[in-house]
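Biologist: Thanks for sitting down with me. Could you walk me through this model?

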Amino acid sequence: MTRFVHDEFAKDYLEELLKPYGEVKSSSKISGEIKEIDVLFTPSVEQNSNLELLGLLGKFTEFPAILEPFRNAASGDEICDCIQKLLEVKAGLRRDAKANKTRLQESDIPKLWVLSPTASPALLSSFNVNQKLGWLPGVYFLGDALRTAIVAIHQLPQTPETLWLRILGRGSVQSQAIVELSALPLNHPYKQATLELVYNLRENLRINQNLESDDRELIMRLEPLYQQDRERAKQEGKQEGKEEGKQEGQQDLIIRQLNRRLGQIDASLIERVRVLSIEQLSILGEALLDFSVVADLEAWLNQQAG
């Protein structure tokens with residue numbers, strides 16, 4: 001089901017945005033009946049002022065947080081399951097504090113943020129939610145003791161502050177957020193990494209046969225952006241390679257592009273890239289734009305060796 005493709009995208013996306021600011025654990029298992037927290041975030045001891053770049057998402061993660069993103073509207077039972085996970089995490093922290101003979105600080109207990117693309121008035125009413133002063137529309141809090149909020153992404157205002165959450169919406173909300181993402185300056189610290197994750201989502205969706213209309217529209221929305229970005233990357237690669245003018249410089253450029261596209265590649269693959277000729281490096285510089293996993297690089301290198 002495409003829902004699982006979106007689930008993996010959401011986890012990877014949140015981890016990519018939050019890892020500069022603290023410890024991020026995705027699919028974190030908790031005790032009792034086996035359950036997994038989508039994203040458990042613990043901020044660094046030294047707070048980073050750049051967290052403000054993430055707007056409302058940054059505000060969520062000023063303190064320990066559990067983030068539970070949903071592709072489809074979260075049901076009442078699913079939200080209750082999320083609350084149960086939070087309570088089990090809290091119980092575990094209390095046990096640890098007791099064993100260590102320390103006092104559990106309230107600020108060390110995570111807050112739960114349920115990220116739902118939509119939320120009906122009936123659902124929100126069933127949890128007796130309230131909106132707090134100083135918080136944007138679309139953020140609904142349960143009682144303070146539950147340390148939980150439901151975020152109705154479709155109700156968030158269309159502002160830069162909410163962009164990084166609206167990326168996790170669906171339909172027109174997500175499409176508009178992607179347009180805004182593509183319009184960010186090239187030097188924005190999160191633009192390129194986020195686009196790469198979105199392009200990977202596009203590729204993963206394209207291999208599915210039974211796509212929902214939202215997913216088909218998303219692929220269509222991303223196609224021109226992907227082509228523009230690919231062409232720009234080609235031009236950048238050619239220009240940088242020309243400026244460096246040396247084989248070592250071209251090797252470094254290709255390796256940077258591979259790491260940016262595929263994640264940190266291991267040393268053995270880097271060594272195989274470094275023995276390529278200038279002509280082969282030039283060919284690889286264009287071929288890598290079609291790579292989506294490390295196996296694509298390995299297959300290309302094997303083909304060159306053959």
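Modeller: Gladly! Accessible areas here come from the Shrake-Rupley method with a 1.4 Å probe, and for residues only the protein chains shown count as cover. This is a predicted model, where local features need pLDDT of at least 70, side-chain atom pairs count only at pLDDT 80 or more, and totals for chains, interfaces and linings use all residues. Residues are numbered from 1 along each chain as its sequence is written, and side-chain values use heavy atoms, leaving out hydrogens and water.

Biologist: What share of the exposed area do carbon and sulfur atoms supply?

Modeller: The protein chain exposes about 16100 Å². Of that area, carbon and sulfur supply 49%.

Biologist: Which helix gives the largest share of the largest nonpolar core?

Modeller: A nonpolar core is a set of buried (under 20% relative accessible area, 1.4 Å probe, protein chains only) Ala, Val, Leu, Ile, Met, Phe, Trp, Tyr and Cys residues joined through side-chain atoms within 4.5 Å. The largest has 48 residues, and Tyr13 and Trp164 are among those with the most contacts inside it. Its largest share, seven residues, comes from helix H1 (residues 2–18; helices are DSSP runs of H or I, at least four residues, numbered from the N terminus).

Biologist: Why do the buried residues of H11 line one face of the helix?

Modeller: In H11 (residues 278–287), the buried residues are Leu281, Leu284, Gly285 and Ala287. Taking directions from the helix axis to the C-beta atoms, these residues line one face because they fall within an arc of 165°.

Note on methods. Buried < 20%, exposed > 50% of the residue type's maximum accessible area, 1.4 Å probe, protein only. Helix = DSSP H or I, 4+ residues; strand = E, 2+ residues; numbered from the N terminus.
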